[in-house]
Amino acid sequence: MKIAVVGLGIIGGSFAKALKKYTKHYVIGLNRTQSVLENALADNAIDEIGTVESLGDADIIILGLYPKAAVDFVRKNGGYIKKGAIVTDSSGIKREICPQLKALSEQFGFEFVGSHPMAGKETNGYISADADLYVGASYIVTPCGASDDAVRTLCELALEMKFGGIKITDPEEHDRMIAFTSQLPHVLACAYVLSPQCINHKGFSAGSYKDVSRVANINARLWSELFLENRDPLIAELDTLIDNIHAITDAVKANDKEKIEELLEKAHKTKEMLGE
């Protein structure tokens, strides 16, 4: 197939590199910055530097763009997309954009299948793209009314790129679970390093500090958009976290060792039950 990757940052660039390393498909790259495209071509991450007119040649289009930018790109350039082509996003929220992209698919005659690769790094841009970023990772698919053939084609492509498994869900469950598994840890890490003690941590910190703070090296522009577009599920998870922190805080303030042990043991047993 001919596959167009729009946006060659860490996510789109990793898709392009994975396609070239693990499949025999022809990859067309589109990106706002010309130097990135030239680097990708020199790296053999793409076969061709494309333009919006190139969208008409693509059997599959992968949007490696921020959520709002993905919708805006399709709205502006949907007329170039080949009838019957598969278009997928890669964003970390779905309820906000899937209805818009579904409507655009009906307007322009392509098939939209939502997707989200569960992998990333703390660094950004094409320079951080990695052909092996998705090896073993989960690939979440939200069909959004697309045909079974389109969903199957996209899932098979993900497995070709060495994703470890496919999770089929709907936008609502996706956003509810991502609020817990992805967005909440980013909030927690950022809140943690905002402590005035953080600046003096060297010499006093080891694995625990690194584990909790790692994702605080955050792309503020992207994640603020993701937080707000998934506002209600994220607030629900934050409320639960705050309640749990208050429970531990109150037990410490009360010098209640039994209560502290009870709360910590409950957490321990949860992780143990999950086999983690």
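Biologist: Which elements make a right-handed β-α-β unit?

Modeller: This is a predicted model, and in it the right-handed β-α-β unit is made by β8, α5 and β9. The strand β8 covers residues 138-142, helix α5 runs over residues 148-160, and strand β9 spans residues 165-168.

Biologist: In what sense do β8 and β9 pair, parallel or antiparallel?

Modeller: The two strands pair in the parallel sense, over four bridges. One residue pair illustrates the register: Val141 has Ile168 of β9 as its bridge partner.

Biologist: Which sense applies to the pairing of β7 with β8?

Modeller: There the pairing is antiparallel, again over four bridges, with β7 consisting of residues 114-117. In this pairing Pro117 stands opposite Tyr139 of β8.

Biologist: How many of the five residues of β8 are buried?

Modeller: Four of the five are buried, so that the strand is mostly covered. For the protein as a whole, buried residues make up 42% of the 276 residues.

Biologist: What is the accessibility of Leu159, which is found in helix α5?

Modeller: Leu159 has a relative accessible area of 45%. The label "exposed" requires over 50% and "buried" requires under 20%, and Leu159 is therefore classed as partly exposed. The residue also belongs to a nonpolar patch on the surface, formed with Ile166 and Ile168. Together these side chains present about 240 Å² of accessible area.

Biologist: How should one read the cysteines, and how many disulfides does the count come to?

Modeller: In general, a disulfide is a covalent bond between the sulfur atoms of two cysteines. The cut-off for assigning one is a sulfur pair within 2.5 Å. By this rule the count is zero. Cys144 is in no disulfide, and its nearest cysteine sulfur, that of Cys98, lies 3.5 Å away.

Biologist: Why is Cys155 without a bond to the closest cysteine sulfur?

Modeller: The closest cysteine sulfur is that of Cys144, and because the separation is 12 Å, it is too far for a bond. As to its surroundings, Cys155 counts as buried, at 12% relative accessibility.

Biologist: What does the secondary structure of the protein come to, and what box do the C-alpha atoms fill?

Modeller: The secondary structure comes to ten helices and nine strands. Taken along the principal axes, the C-alpha atoms fill a box of roughly 70 × 40 × 30 Å.

Notes. Residues numbered from 1 in each chain as written. Predicted model: local features only at pLDDT ≥ 70, side-chain atom pairs only at ≥ 80, totals over all residues. Heavy atoms only, no water. Patch = residues over 30% accessible without salt bridge, like charges linked within 9 Å, V, L, I, M, F, W, Y side chains within 5 Å. Areas by Shrake-Rupley, 256 points an atom, 1.4 Å probe, with all protein chains shown as cover. Salt bridge = Lys/Arg side-chain N within 4 Å of Asp/Glu carboxyl O. Buried < 20%, exposed > 50% of the residue type's maximum accessible area, 1.4 Å probe, protein only. Pairing = 2+ DSSP bridges. Right-handed = clockwise from strand over helix to strand, strands pointing away.
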